[in-house]
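Visitor: I would like to go through this model with a few questions. Please keep the answers short.

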Amino acid sequence: MKKMITALAACAVMSAALSAVAAPAQAAPKDPVSALKAKLVPGHGVRFTETVTWSDGTDEREIQDRKGAFQFDRKGVAAFDIDIHWDDDDYGRQRAVGIGKITYHSGGVMPIVLPEGKTWYKVKRYGMPDSYSQILNPAEPRTLAALIEHGKPAKSSVTGTITFKDLKRVSAWWAGAKADKSFDNTKVSYTLTLTSAGLVSRVQSSYTATEDGKSAMVAVDSRYSGWGAKVSVKAPDPAKVTTEFR
């Protein structure tokens with residue numbers, strides 16, 4: 001009897017050991033900030049597309065669609081190139097190219113207000129090219145870290161809220177927009193969707209701002225692809241650039 005109990009015990013131990021070997025290993029969750037930093041190689045970047053929806057509570061409509069790219073340096077975004085299509089004949093198509101602390105604008109009303117022969121307006125400013133851009137930039141490590149900190153993680157997403165003021169502290173992209181301090185307490189709701197590698201594949205954000213007693217909501221849905229692919233953003237032809245209006 002004693003030998004049988006010993007044999008059964010040995011079988012149980014062996015069975016447990018085999019089960020442990022056979023069980024699939026559970027992969028550790030990827031850290032999105034570390035995954036992003038690994039992609040920050042000069043001359044490389046990420047591409048994106050996005051749609052912008054505006055609503056005043058009674059009327060809701062898509063007002064823009066965009067496509068563009070961020071070019072990286074070792075800290076984050078070094079340059080960007082964005083094509084903007086307005087669902088409005090008055091603005092039509094626009095393009096914004098940012099390199100370092102300089103941004104160039106063309107299209108829209110520029111042909112009307114720029115001197116003859118000039119198609120690009122140059123301004124010393126880095127950050128969102130207009131107020132309808134995606135204000136959450138997942139290519140900035142500090143911004144991404146703050147969004148994760150303020151959010152609640154799920155299996156492949158992070159959902160949360162962050163104020164304009166808190167975002168301004170960590171994001172050069174948003175700080176460059178120079179939003180009035182009266183909007184500091186405005187809350188941005190967001191959802192980040194992550195790939196299995198921990199990279200951001202989608203950012204959905206929305207906020208409601210009130211000015212002069214009127215409120216409007218802006219929602220932006222951005223999708224990112226090709227993290228780490230080669231990206232080269234070039235400045236426009238200097239002969240076509242001006243810093244003055246007519």
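Visitor: With which residue does Asp-221 meet in a salt bridge?
Guide: This is a predicted model. The N to O distance of the pair is 3.9 Å, and a salt bridge is counted within 4 Å. The partner has a relative accessibility of 43%, so it counts as partly exposed. The partner of Asp-221 is Arg-223.

Visitor: How many salt bridges does a search of the whole structure find?
Guide: One of them joins Asp-221 and Arg-223, and another joins Arg-169 and Asp-166. For the whole structure the search gives 8.

Visitor: How many residues apart in sequence are the parts that the pair Arg-66 and Glu-50 ties together?
Guide: The side chains of Arg-66 and Glu-50 meet in a salt bridge at 3.9 Å, N to O. Arg-66 belongs to strand 2 (residues 60-72) and Glu-50 to strand 1 (residues 44-55), so the bridge ties together parts of the chain whose separation in sequence is 16 residues.

Visitor: Is Arg-66 buried or exposed, and which residue is linked with Arg-66 and Glu-50 in a network of salt bridges?
Guide: Arg-66 has a relative accessibility of 3%, so it counts as buried. Glu-50, at 5%, is buried as well. The network of salt bridges links these two residues with Asp-130.

Visitor: How far apart are the closest N and O atoms of Arg-169 and Asp-166?
Guide: Both residues lie in helix 5 (residues 164-170), 3 residues apart, which means a separation of about one helical turn. Arg-169 is exposed at 51% relative accessibility, while Asp-166 is partly exposed at 21%. Their closest N and O atoms are separated by 2.7 Å.

Visitor: Which are the edge strands of the open sheet?
Guide: The sheet has 12 strands with mixed pairing, in the order 7-8-9-10-11-1-2-3-4-5-6-12. An edge strand pairs on one side only. The edges are therefore strand 7 (151-153) and strand 12 (241-242).

Visitor: Which residue of strand 5 stands opposite Ala-96?
Guide: Strand 4 (residues 93-99) and strand 5 (residues 102-107) run antiparallel and are joined by 6 bridges. Opposite Ala-96, in strand 5, stands His-105.

Visitor: At about what angle does helix 4 run to strand 8?
Guide: Helix 4 (residues 141-150) lies across several strands. These are strand 7, strand 8 (157-163), strand 9 (187-194) and strand 10 (200-211). To strand 8 the helix runs at about 100°.

Visitor: What is the relative accessible area of Thr-186?
Guide: Thr-186 sits in the loop between helix 6 (172-175) and strand 9. Beyond residues up to four places away in sequence, Thr-186 touches Ile-162, Thr-163, Phe-164, Tyr-207 and Thr-208. The residue is buried, and its relative accessible area is 11%.

Visitor: Which strand gives the largest share of the largest nonpolar core?
Guide: This core has 46 residues, and Leu-136 and Ile-162 are among those with the most contacts inside it. Leu-136 touches Ile-162, and its other contacts include Leu-147, Val-188 and Tyr-224. The largest share of the core is 5 residues, from strand 3 (residues 77-86).

Visitor: How many residues are in the second, separate core?
Guide: Nonpolar side chains tend to be buried together in soluble globular proteins. The second core includes Ala-79, Tyr-104, Val-231 and Val-241. Its number of residues is 8.

Notes: Residues numbered from 1 in each chain as written. Predicted model: local features only at pLDDT ≥ 70, side-chain atom pairs only at ≥ 80, totals over all residues. Heavy atoms only, no water. Helix = DSSP H or I, 4+ residues; strand = E, 2+ residues; numbered from the N terminus. Buried < 20%, exposed > 50% of the residue type's maximum accessible area, 1.4 Å probe, protein only. Pairing = 2+ DSSP bridges. Contact = heavy atoms within 4.5 Å. Axes fitted to C-alpha atoms, helices over the stretch in contact; angles between N-to-C directions. Core = buried A, V, L, I, M, F, W, Y, C linked by side-chain atoms within 4.5 Å.
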